[in-house]
Amino acid sequence: IFLFRVNMTTDAGYPERVSRSEEEEKLLKEIREEKERLWFEIQELRRQIIDVDNELAALDEVNDEDMRAEKENQRVHRTGRNKFNDNPKEGIKFLQQQGKIGQSADDVAKYLLKGEFLNKRAIGDYLGEGKEFNIDVLKKFIGLQDFTGKNIVGALRVFLASFHLPGEAQKIDRMMQFFANRYVECNPSGTLVNTDTCYILAYSTIMLNTSLHNPSVKDKLTVEKFISMNRGIDGGKDLPPDLLTDIYEDVKKEAFKIPGGNGGVNEFAETFDNPEKTGWLTKEGGKYKSRHKRWFILKEGMLYYFKQSGDEELIGTIPLQVDLKVRPVEDPKAPPNCFEIYSEIGVIKAWKKDSDKRAVPGNHDTYRLQAPSEDEQKEWILAINDAISKLNENDSVQQRKKRILSAVKGLDLPGME
């Protein structure tokens, strides 16, 4: 790719800049990202070479017991670090067995937050696990971060720089909920004193970052749209427009930089990789029983839906909680090939965008969907049942109770772009 034509100059004698097509711009961006990735790998190789050189030099000091002990300590830490980067669970287990990390969640959280030469993606994978101990570590990890006096954008920059955010929506949901709790705890007298408000606004801010800095998103959010989509999120009241405008300008000026990714742009795209099932379904509305054909994606216990296949803009989600069930619709008045997802204990924790593109919570205990054929109906029911079964297998009793209680509380905003 040539940035300048050598044989063309302006009147001032400078080379004339060549305009590039969208494909060339995309290729140039990919080359720059690959260059950055290779640079980090080179630095890691240099560090490893230095480690090897230090080890060889230390062999000349075999009579120095203190040095040998320190060298052994470094070797164990390095082995544990390498194990963690390859398999976080095994790395932590090894370091605990060697007495380098304590057994408590607080000990592990401090080690991860310090993060010396730890892979940020591996940290995110460990923190995102749904096991009770990992969740305790996540709470401690976020509890060690101080957001006092920071606006929500500044707090998110600190938070998202400490690990690589996983792509699975349920993991993101849990992490963002803990972030909101910690932010309000650090700023009890600030503008955002309601954790649900902070939770939704944090998601909206991440979505804004994607809209403004992802080149594949053509319809960029304006400040007016950003303010509109956040109306009524503060317990039914509006947040101050100046606050939302400041958030918009802050994010517009500088994208979030998320370690282990591509600079914070399109970090949620991996959410839709390798789905369990995709296809067209007709979704029945609630109050007015309207019917709309939508493109659905099932992955990791979440149903996402879009207006069209391949759309960048997500318009709603239905989380498949452990208490949900799915069944064919037997009503003879119903359209053919219908099935429904339903809850026997309360409202399903879902969200969608309204006509003003604002995120609003769902208020249904049943979602009725129509497949294009009987075979598709059976496949969807089987796939959704399998997804719910996996949630049941992976969730402890305590986690199930937490999910049910949080479902009753209301809004869940998985934050996809």
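**Entry 1: α2 and α3**

I started with two helices, and I noted that α2 passes α3 in a left-handed crossing. I should write down straight away that this is a predicted model. The axes of α2 and helix α3 (residues 88-97) come within 5 Å, and I got a crossing angle of roughly 155°. An angle over 145 counts as roughly antiparallel, so that is what I call α2 relative to α3.

Next I listed who touches whom. From α2 I have V76, H77, T79, G80, K83, F84 and D86. On the α3 side I have P88, G91, I92, F94 and L95.

I then asked myself which residues of α3 are buried. My list reads P88, G91, I92, F94, L95 and Q96. What do the buried residues of α3 pack against? I found α2, α4 (105-114) and α5 as their partners. I also looked just past the helix: G99 follows α3, and its phi is positive, near 75°.

**Entry 2: aromatic rings**

I went through the rings and came to ten aromatic pairs. One of them is F84 with Y126, where I read 6.3 Å centre to centre and 50° between the planes, a tilted pair. The two residues are 42 apart in the chain, and I noted that the pair links distant parts: F84 belongs to helix α2 (residues 65-86) and Y126 to helix α5 (residues 120-128). Buried or exposed, I wondered, for F84 and Y126? Both are buried. F84 had already turned up in my contact list for α2 and α3.

I also marked one aromatic cluster, made of F141, F147, F159, F163, F179 and Y183.

**Entry 3: charges over rings**

I checked two spots where a charged side chain meets a ring. K293 lies over the face of W280, and I have it at 5.2 Å from the ring centre. For R327, I found its charged end over the ring of Y342, 3.7 Å from the centre.

**Entry 4: α7 and its neighbours**

I wanted to see how α7 packs. Two packed helices are described by the angle between their axes and the distance between the axes, so I took both values each time.

With helix α8 (residues 169-186), α7 packs at about 125°, and their axes are 12 Å apart. That makes α7 oblique to α8. I put the crossing of these two helices down as right-handed. Which residues meet there? I have I152, A155, L156 and F159 from α7 against M175, M176, F179 and Y183 from α8. Going back to my cluster, I see F159, F179 and Y183 among its members.

Then I turned to helix α11 (residues 241-253). Helix α7 (residues 152-161) packs with α11 at an angle of about 40°, and the axes are 9 Å apart. I logged α7 and α11 as oblique too, because angles outside the parallel, antiparallel and perpendicular ranges count that way. Here I152, V153 and R157 of α7 meet I247, D250 and V251 of α11. I152 is in my α8 list as well.

**Entry 5: three single residues**

I looked up K139 and placed it in helix α6 (residues 132-143). Its relative accessibility is 37%, so I count K139 as partly exposed. In sequence K139 and R182 are 43 residues apart, and I read 8.9 Å between their C-alpha atoms.

Where is D219? I found D219 in the loop between α9 (195-213) and α10 (223-229). D219 has a relative accessible area of 45%, so it goes down as partly exposed. I also noted that D219 and E313 are 94 residues apart along the chain, with their C-alpha atoms separated by 9.3 Å.

My third pick was N337, in the loop between β7 (324-328) and β8 (338-343). I flagged its phi, near 65°, as a positive value in a residue other than glycine. The relative accessible area of N337 is 22%; the cut-off for buried is under 20%, so N337 is partly exposed.

**Entry 6: the whole chain**

Last, I took stock of the chain. I have 13 helices and eleven strands on my list. How much of the chain counts as buried? Of its 417 residues, 43% do. I also looked at contacts between residues at least 6 apart in sequence, and 61% of these join residues at least 24 apart.

Conventions
Residues are numbered from 1 along each chain as its sequence is written. This is a predicted model: local features need pLDDT of at least 70, side-chain atom pairs count only at pLDDT 80 or more; totals for chains, interfaces and linings use all residues. Side-chain values use heavy atoms; hydrogens and water are left out. Rings of Phe, Tyr and Trp (its six-membered ring) pair if their centres lie within 6.5 Å; planes under 30 degrees apart count as stacked, over 60 as edge-to-face and the rest as tilted. Helices (H or I, at least four residues) and strands (E, at least two) are DSSP runs, numbered from the N terminus. Buried means under 20% relative accessible area, exposed over 50%, partly exposed in between (1.4 Å probe, protein chains only). A charge sits over a ring if NZ of Lys or CZ of Arg is within 6 Å of the ring centre and within 35 degrees of the ring normal. Axes are lines fitted to C-alpha atoms, for helices over the stretch in contact, and angles run from 0 to 180 degrees between N-to-C directions. Angles under 35 degrees count as roughly parallel, over 145 as roughly antiparallel, 65 to 115 as roughly perpendicular and the rest as oblique. A crossing is left-handed if the near helix is turned anticlockwise from the far one by less than a right angle, and right-handed if clockwise. Contact means heavy atoms within 4.5 Å.
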